[in-house]
Amino acid sequence: MTHPPRHEPTSPRDLVGIGIGPCNLSLAALAHPLAELDAVFYEQRPGFDWHPGLLIEGATIQVPFLADLVTLADPTSPWSFLSYLRNRERLFPFYFAERFHIQRAEYDAYCRWVAQQLPGLRFRHQVDAVRWNPERDVFEVDYTQLGTEGEAEALGRTYTRNIVLGIGTAPYVPDALRPLVDAPGVPVLHAADYLGHRDTVLAAGHVTVVGSGQSGAEVFLDLLRHRPAGRERLHWIGRTEAFAPMEYSKLGLEHFTPDYTRYFHALAEPVRDRLVAAQWQLYKGIDADTLAAIHDELYRRTLGGGWPDAVLTPGVRVRTAGRIATSTIELHLEHLQQGTRSRLTTNAVVLATGYRERPLGRLLAGLDPYIRRDSSERPRVDEEFRLVLDPSVTGSVYVQNAELHTHGVGAPDLGLAAWRSATILNSLTGKETYPLPTRTAFTSFGLAPAHRVPQARQPERLTPLVEGP
């Protein structure tokens, strides 16, 4: 099939969004009241879902509920989490629950509520290619409309002055384990698919969880709670030197502010690359409450004497792996500090090995001659989240959660989604559509002043009252 026969309106749109995850959903919600902005968002999935395989009962998101889709840019928006609670007549129960961090399942339900009401979202639309048309000074976006079974139903093309990419991340499987995931038989799955295969994993004789981040901790805790005492037969391994807590001090959290994002963006490329690698504990550690819950559950199982049949070993990498017969997997392990090696046989493996940014190469192949790159061949991204393109391209391509190398640890953080969306919309409209704060952190991250310290407020002079006659 070739594109089109089916056209959208030939007059170019102002914005086409590709992907509808939390980041682009935030942008769509903040764009909705802007009548002058003609925007549409495409997503190949049939509807919104957010990590459905990890909506484990009791698991919470790691940012406060104020870090919803809109509040930190527009607290009066009808698409806030509090508006969602009011719509569901749940404001008073939430008020008395006194929860600052909500459950993942509730965040997912909130996002679904927003997605169901925004008219500019087009689900079951797979974007196939993006090109720049120099004759018309617009981008061409080719898409395939999908049926209920995922089959191609129609082809189309739309034209737009600007694009925003929000295609998110994809589950990462290490090379040593990829053949096992693809082969049938013994369950080897990424944590992103955990809930869909949970019963099968629980039924396995011995289970190994690989990965020492938040997802690994949540999966291990869920398995531990549902395995019989004394017969847990669980093994949890990870490459980090410890099952380390996430940095959650108040000043540490200021790394997730616009102030730090601007500071990081202005650093030299080699410095940025070193920082991202060194700051893993800011966004890849484990929530302290989850670590405490794991310890509590392990301790509870010692009350009758003895120790639970659970092994927790950090500082370990999987070198290679293979299947033995039809029911067993052998993992070849190396301890990074000791330099020792061993083998571990298991009946199921859950890979909590994280996510990687989805590659943009195939989607943006038509724009490749125009994209300016850094010394590592990564796209350059300016302070307003735009790809740096050849000056002959008059439109802009914005990116969301694809700028870790240029904007730092806040790139995948939900807490900066509304601010980033507002920044993009201000850039698009050429005005301060959403007023944004000039200062957001007590920390000054560099010696050069990045912002002006506001003067202390002077007490208001009151006019003395004069009694009448």
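Which residues in helix 8 meet Arg272, Leu275 and Val276 in helix 9? Keep that in mind; the tour ends there. One caution before selecting anything: this is a predicted model.

**Stop 1: the sheet with strand 12**

Select strands 10, 17, 11, 12 and 13. They form an open sheet of 5 strands in the order 10-17-11-12-13, and the pairing is parallel. Look at the edges next. Strand 10 (188–190) and strand 13 (310–313) are the edge strands, each pairing on one side only. Neighbouring strands here are turned by 15 degrees against each other on average, direction ignored.

Now zoom in on strand 11 (residues 207–210) and strand 12 (residues 234–237). Parallel pairing joins them over 4 bridges. Show side chains and find Val209, which stands opposite Trp236 in strand 12.

Add helix 7 (residues 214–225). Helix 7 packs on the sheet and touches strand 11, strand 12, strand 13 and strand 17 (348–351). The direction of helix 7 makes about 170 degrees with that of strand 12.

Stay on strand 12. Which of its residues lie on each side, and are they buried or exposed? Leu234 and Trp236 are on one side, His235 and Ile237 on the other, and all are buried. Both faces of strand 12 are therefore covered, given that buried means under 20% relative accessible area. Trace the backbone as well: the chain goes from strand 11 through helix 7 to strand 12, a β-α-β crossover that is right-handed.

Move across to strand 13. Strand 12 pairs with strand 13 in the parallel sense, again through 4 bridges. Trp236 has Leu312 as its bridge partner in strand 13.

**Stop 2: the sheet with strand 8**

Select strands 4, 3, 2, 8 and 19. Here 5 strands make an open sheet in the order 4-3-2-8-19, with parallel pairing. Strand 4 and strand 19 (396–399) are the edges, and each pairs on one side only. From one strand to the next, the twist averages 20 degrees.

Pick strand 2 (residues 15–18) and strand 8 (residues 162–165). They pair in the parallel sense over 3 bridges. Val16 stands opposite Ile163 in strand 8.

Then go from strand 8 to strand 19. These two run parallel and are joined by 4 bridges. Highlight Val164, which stands opposite Tyr398 in strand 19. Which way do the residues of strand 19 point? Ser396 and Tyr398 point one way, Val397 and Val399 the other way, and all are buried.

**Stop 3: the cores**

Select Leu25, Tyr107, Tyr110, Val114, Leu121 and Leu425. Among the 48 residues of the largest nonpolar core, these touch the most other members. Now colour the elements that supply them with company. Helix 1 (22–31), helix 2 (81–87), helix 4 (104–117), strand 4 (121–123) and helix 13 (417–429) each supply at least two residues of this core.

Centre the view on Val114. Beyond its neighbours within four places in sequence, Val114 is in contact with Leu25, Ala29, Leu69 and Trp79.

Another core lies apart from this one. That second core has 28 residues, among them Val201, Phe220, Leu224 and Val350.

**Stop 4: Glu106**

Go to helix 4 and select Glu106. Why does Glu106 count as buried? Its relative accessibility is 13%, and the cut-off for buried is under 20%. Show its surroundings: Glu106 touches Phe81, Leu85 and Arg90, leaving out residues up to four places away in sequence.

**Stop 5: helix 8 and helix 9**

Select helix 8 (residues 258–265). How many of its 8 residues are buried? The count is 6, and helix 8 is mostly covered. The buried ones are Pro258, Asp259, Tyr260, Thr261, Phe264 and His265. Turn on the cover: it includes helix 9 (269–278), helix 12 (404–407) and helix 13.

Keep only helix 8 and helix 9 in view. Their axes come within 9 Å and cross at roughly 135 degrees. That angle makes helix 8 oblique to helix 9.

Back to the opening question. From helix 8, Tyr260, Phe264 and His265 meet Arg272, Leu275 and Val276 in helix 9. Select these residues together to finish the tour at the contact between the two helices.

Note on methods
Residues are numbered from 1 along each chain as its sequence is written. This is a predicted model: local features need pLDDT of at least 70, side-chain atom pairs count only at pLDDT 80 or more; totals for chains, interfaces and linings use all residues. Side-chain values use heavy atoms; hydrogens and water are left out. Two strands pair if DSSP finds at least two bridges between them. Axes are lines fitted to C-alpha atoms, for helices over the stretch in contact, and angles run from 0 to 180 degrees between N-to-C directions. Contact means heavy atoms within 4.5 Å. A nonpolar core is a set of buried Ala, Val, Leu, Ile, Met, Phe, Trp, Tyr and Cys residues joined through side-chain atoms within 4.5 Å. Buried means under 20% relative accessible area, exposed over 50%, partly exposed in between (1.4 Å probe, protein chains only). A crossover is right-handed if, with the strands pointing away from the viewer, the path from the first strand over the helix to the second runs clockwise. Angles under 35 degrees count as roughly parallel, over 145 as roughly antiparallel, 65 to 115 as roughly perpendicular and the rest as oblique.
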